[in-house]
Amino acid sequence: RPPAFVPPWSTPSGLPGYLNGPAPIADVPAPEAAATGNAVAEGGRTLTMHVSPAQEGHVLSVWTNGASVIDAAIDGRPVKINTAPRASGDTAWSLDYINAPASGATLTLTLKGTQPLTVAVVDRFSGLPGFPGKSFGSRPTSVVQIQTGDQTVVRRTYVF
């Protein structure tokens with residue numbers, strides 16, 4: 001996982017003390033993003049994009065990096081954001097859309113600067129996909145699911 005897209009509660013190698021490991025490639029649909037507008041203005045630009053999960057009811061996350069997000073709206077509704085970076089030079093920003101509609105949403109970002117913005121759309125849903133011819137052993141009794149439990153995470157990355 002690229003460090004810029006690792007959630008703040010994790011590390012590139014996983015959480016210490018938690019089980020993790022390689023997984024086979026799953027044939028599951030991926031979320032999508034498409035730029036629908038890009039207006040350059042004094043000191044920055046406004047990027048409009050359509051983002052959509054692979055299926056209705058999933059958690060659709062949008063992670064950005066490369067330019068600071070100073071304002072955001074989803075389907076025309078303002079999104080309250082914390083514009084203070086976590087560290088000097090940090091431009092990472094994220095949004096979680098819980099129970100996103102299959103038709104997706106319009107996300108409008110006001111960015112500081114005009115440099116390219118890396119956008120990762122992440123689709124998360126409960127459970128694990130099936131893998132033909134592959135089975136997995138039971139979880140050790142000393143290990144329990146955390147937070148949302150077993151889930152499938154599919155990510156697609158774009159540069160706008």
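This is a short dialogue on how to read a predicted model of a protein built from strands.

Colleague: Where do I begin, and how many helices and strands are there in the protein?

Modeller: Keep in mind that the model is predicted. The protein has zero helices and nine strands, so from the N terminus on the elements run β-β-β-β-β-β-β-β-β. Of its 160 residues, 32% count as buried. The protein exposes about 9,800 Å², and carbon and sulfur atoms supply 54% of that area.

Colleague: What do the contacts in the protein say about residues at least 24 apart?

Modeller: Among contacts between residues at least 6 apart in sequence, 76% join residues at least 24 apart. You can also look at single pairs. The C-alpha atoms of Ile25 and Phe131 are separated by 8.6 Å, with their positions 106 residues apart along the chain. Ile25 itself belongs to the segment before β1 and, at 82% relative accessibility, counts as exposed.

Colleague: Now the sheet. Which strands form it, and in what order?

Modeller: A general idea to carry along: in a regular strand the side chains alternate between the two faces of the sheet. Here, five strands form an open sheet in the order β1-β2-β7-β4-β5, with antiparallel pairing. β1 and β5 each have a single partner strand and stand at the edges, so one side of each has no neighbour in the sheet. On average, neighbouring strands of this sheet are turned by 25° against each other, direction ignored.

Colleague: How many bridges join β4 to β7, and how many join β4 to β5?

Modeller: Six bridges join β4 (residues 68–74) to β7 (residues 105–112), and three join β4 to β5 (residues 77–79). Both pairings are antiparallel. To follow the β4–β7 pairing in the viewer, find Ser68, which stands opposite Lys112 in β7, then go to Ile74, whose bridge partner in β7 is Leu107. Ile74 also has a bridge partner in β5, namely Arg77.

Colleague: What happens at the hairpin of β4 and β5?

Modeller: The hairpin has two residues between the strands, and Asp75 takes a positive phi near 50° there. Asp75 is not a glycine, yet it has this positive phi. With 39% relative accessibility, Asp75 counts as partly exposed.

Colleague: Which other residue has a positive phi although it is not a glycine?

Modeller: Asn99 is one, with a phi of about 60°. Asn99 lies in the loop between β6 (93–97) and β7, and it is exposed, with a relative accessible area of 51%.

Colleague: Let me try a residue in a loop. Is His58 buried or exposed?

Modeller: The cut-off helps here: buried means under 20% relative accessible area. His58 has 8%, so it is buried. Its place is in the loop between β2 (44–52) and β3 (59–65).

Colleague: What does His58 touch, and what does its side chain make a polar contact with?

Modeller: Not counting residues up to four places away in sequence, His58 touches Pro53, Tyr97, Ile98, Asn99, Ala100, Asp123, Arg124 and Phe125. Asn99, the residue with the positive phi of about 60°, is thus one of the residues that His58 touches. The side chain of His58 makes a polar contact with the side chain of Asp123, at 3.0 Å.

Colleague: And for a residue in a strand, where is Asn38 found, and which residues is it in contact with?

Modeller: Asn38 is found in strand β1 (residues 32–41). Leaving aside neighbours within four places in sequence, Asn38 is in contact with Arg45, Thr46 and Leu47. Its side chain makes a polar contact with the side chain of Arg45, at 3.0 Å. Asn38 is partly exposed, with a relative accessible area of 48%. The C-alpha atoms of Asn38 and Leu109 are separated by 9.6 Å, and these residues are 71 residues apart along the chain.

Colleague: One last feature: how should I read an aromatic pair, and how many does the structure hold?

Modeller: A pair of aromatic rings is described by the distance of the centres and the angle of the planes. The structure holds one aromatic pair. The rings of Tyr158 and Phe160 have their centres 5.6 Å apart and their planes at 10°, so the pair is stacked. At 19% relative accessibility, Tyr158 counts as buried, whereas Phe160, at 21%, counts as partly exposed.

Note on methods: Residues numbered from 1 in each chain as written. Predicted model: local features only at pLDDT ≥ 70, side-chain atom pairs only at ≥ 80, totals over all residues. Heavy atoms only, no water. Helix = DSSP H or I, 4+ residues; strand = E, 2+ residues; numbered from the N terminus. Buried < 20%, exposed > 50% of the residue type's maximum accessible area, 1.4 Å probe, protein only. Polar contact = N/O pair within 3.5 Å; in protein donor to acceptor, adjacent residues only side chain to side chain. Contact = heavy atoms within 4.5 Å. Pairing = 2+ DSSP bridges. Areas by Shrake-Rupley, 256 points an atom, 1.4 Å probe, with all protein chains shown as cover. Phe/Tyr/Trp six-rings, centres within 6.5 Å; stacked < 30°, edge-to-face > 60°. Axes fitted to C-alpha atoms, helices over the stretch in contact; angles between N-to-C directions.
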